[in-house]
2 protein chains.
Amino acid sequence: MTETKPETRARTFPYFEEQGSEDVVNARMGPEVSPRLREVMTAVVKHLHAAVKEIEPTHDEWMAAIKFLTETGHMCTDWRQEFILLSDTLGVSMLVDSINHRRPNGATENTILGPFYVPDAPRYPHGANICLDGKGEPSIVRGRVVDTEGRPIAGATIDVWQTNEDGFYDVQQKGVQPDFNLRGVFSSDADGRYWFRSVKPRHYPIPDDGPVGKMLGALGRHPNRAAHIHFIVTAPGFDPVITHIFTPDCPYLTEDAVFGVKESLIGDFRKVEDPEAIAESGIGEPFWRVGWDFTLARKAPGTVPDAPII
Amino acid sequence: MTETKPETRARTFPYFEEQGSEDVVNARMGPEVSPRLREVMTAVVKHLHAAVKEIEPTHDEWMAAIKFLTETGHMCTDWRQEFILLSDTLGVSMLVDSINHRRPNGATENTILGPFYVPDAPRYPHGANICLDGKGEPSIVRGRVVDTEGRPIAGATIDVWQTNEDGFYDVQQKGVQPDFNLRGVFSSDADGRYWFRSVKPRHYPIPDDGPVGKMLGALGRHPNRAAHIHFIVTAPGFDPVITHIFTPDCPYLTEDAVFGVKESLIGDFRKVEDPEAIAESGIGEPFWRVGWDFTLARKAPGTVPDAPII
């Protein structure tokens with residue numbers, strides 16, 4: 001290990017000056033810093049100083065920022081991650097997700113996982129109803145899992161979860177909703193087909209009783225996520241996709257609090273009111289019909305196959 | 001109050017796209033947001049997204065950042081402000097200070113206050129020794145308080161505090177050092193002159209047992225502040241100055257952990273070993289002599305006069 005003397009290291013930028021302040025800070029890194037950490041911190045300091053120079057905060061504004069970050073930290077527990085909420089509501093989570101899931105043309109786009117995924121939901125046969133308490137407007141979701149050339153993928157796993165008609169997940173209403181209500185795992189058949197019954201999901205607020213909620217309020221923003229059904233779709237040899245289908249008629253579709261909506265993920269929810277179709281469905285009342293195909297991209301050659309994705 | 005419908009507001013940038021993501025987020029602000037908050041958040045989001053796009057963090061790196069911020073928040077108590085340490089060590093505190101104290105040419109430069117200031121230190125006559133326990137290498141600090149035209153400012157208040165020879169403030173060593181050791185308040189005389197006796201200060205580490213200390217370690221940086229004497233100098237009708245004098249021979253002079261050193265604040269500490277000068281001083285042993293003038297800028301017309309500055 002080579003030791004570089006302090007004097008040598010800092011010679012180029014020894015003292016703080018407003019102009020070039022980011023270089024003074026970055027010149028301080030030692031010679032043994034990992035190349036990736038060096039790259040990351042150089043960018044962090046550069047953009048942080050650029051922001052401060054553009055904002056020109058007063059001392060009180062700087063202190064308000066310190067206080068906000070401190071309160072955000074204090075709000076974090078084993079059960080609540082306020083910094084993730086901050087990242088979500090500032091579009092950073094979606095940006096990181098987008099950067100890490102630039103898919104070949106035509107593959108289903110990713111969106112964020114969210115905090116309500118529960119592993120090991122029940123496996124169901126095609127056509128099963130994942131709504132265990134019969135509450136809500138019935139729906140039928142049906143489609144195929146295909147590759148980017150449109151060829152069916154048999155045996156793909158489709159893991160689905162969603163809110164009930166009141167905008168709550170089962171885990172938020174223990175004792176009110178049955179365990180594993182509106183969750184299930186399906187497999188595509190030889191033609192890549194899947195289908196299941198459920199109910200129409202509803203929008204819901206992210207937790208907004210902390211500093212992030214206060215921030216949203218000050219910015220004139222609401223905390224609601226646009227209504228959606230979550231999916232994780234996996235198949236051997238293909239990149240997994242974590243995604244949503246959004247309902248097209250949700251009042252928050254263009255204003256999802258965490259920016260999860262992508263145009264390509266808005267589903268075709270159609271209300272079926274034709275008596276004949278109702279009778280044929282066996283549902284016995286009007287229902288929503290959703291057609292949705294998942295297009296998976298083949299894993300790049302040399303990719304480690306099928307590690308757990310959560 | 002005008003209510004803008006969600007659809008109107010978000011129409012320009014309804015859905016998230018990697019390209020232009022910052023505009024999608026900023027377009028979400030409501031019409032009633034205060035202009036300054038709008039300006040600040042627009043810049044925050046712009047630079048934050050620019051940083052993420054340059055860094056292209058993996059999901060694990062993003063999670064490491066969330067974890068770091070969370071731990072930094074959890075380290076904050078009534079007695080420890082880890083986010084301020086983070087701001088200090090990334091040069092942000094000095095940058096905010098510089099932006100808020102762009103002084104007319106020739107005025108003494110500001111630097112950060114730090115956490116060890118204690119109000120209401122004893123008032124002393126000229127020549128008093130603020131070292132109450134007799135430990136350390138003696139020093140004499142002497143100079144004038146003048147305006148930017150070099151004219152003396154009489155009756156200026158010079159509030160001074162510093163570490164002992166071991167690099168500790170009195171408040172860090174309750175029961176070891178006498179209360180108010182190495183602290184005192186002086187007034188300039190009719191010619192703007194002041195002088196006092198003390199000891200040579202020593203470098204010291206900022207608290208480095210938390211996430212910021214870990215960060216410094218990973219960046220190959222040490223936690224030491226360059227040795228300095230703190231001053232707050234105030235006079236009616238002049239801008240107050242919060243500043244340091246740094247010792248020129250400190251091994252950390254070019255590497256102050258919080259970037260507090262400015263070239264103009266490095267003092268002229270000279271060792272006096274001449275027996276005649278020693279006898280004349282009445283100190284009875286070799287000592288350090290520091291000459292230091294403070295130059296204050298006249299308050300801009302219309303400025304609120306003499307509000308408390310701490």
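This briefing describes an open sheet in chain A and the strands that form it. The model is predicted: local features need pLDDT of at least 70 and side-chain atom pairs count only at pLDDT 80 or more, while totals for chains, interfaces and linings use all residues. Residues are numbered from 1 along each chain as its sequence is written, chains are lettered from A and ligands numbered from 1 in the order in which they are written, and side-chain values use heavy atoms, with hydrogens and water left out.

**Sheet architecture**
- In chain A, 4 strands (DSSP runs of E, at least two residues, numbered from the N terminus) make up an open sheet with antiparallel pairing, in the order β3-β2-β7-β8.
- Strands β3 (183-187) and β8 of chain A lie at the edges with a single partner strand each, so one side of each has no neighbour in the sheet.
- From one strand to the next, the twist averages 20° (axes are lines fitted to C-alpha atoms, and angles run from 0 to 180 degrees between N-to-C directions).

**Strand pairing**
- Strand β2 (residues 157-162) of chain A is joined to β3(A) by 5 bridges in the antiparallel sense; pairing requires at least two DSSP bridges between two strands.
- Val160(A) has Gly184(A) in β3(A) as its bridge partner.
- Strand β7 (residues 228-234) of chain A pairs antiparallel with β8(A) over 6 bridges, and Ile232(A) stands opposite Ile242(A) in β8(A).
- The hairpin of β7(A) and β8(A) has 6 residues between the strands, and Gly237(A) in the turn has a positive phi of about 90°.

**Burial of β8(A)**
- In strand β8 (residues 241-246) of chain A, 6 of 6 residues are buried (under 20% relative accessible area, 1.4 Å probe, protein chains only).
- Val241(A), Thr243(A) and Ile245(A) are buried on one face, and Ile242(A), His244(A) and Phe246(A) are buried on the other.

Note on methods
Buried means under 20% relative accessible area, exposed over 50%, partly exposed in between (1.4 Å probe, protein chains only).
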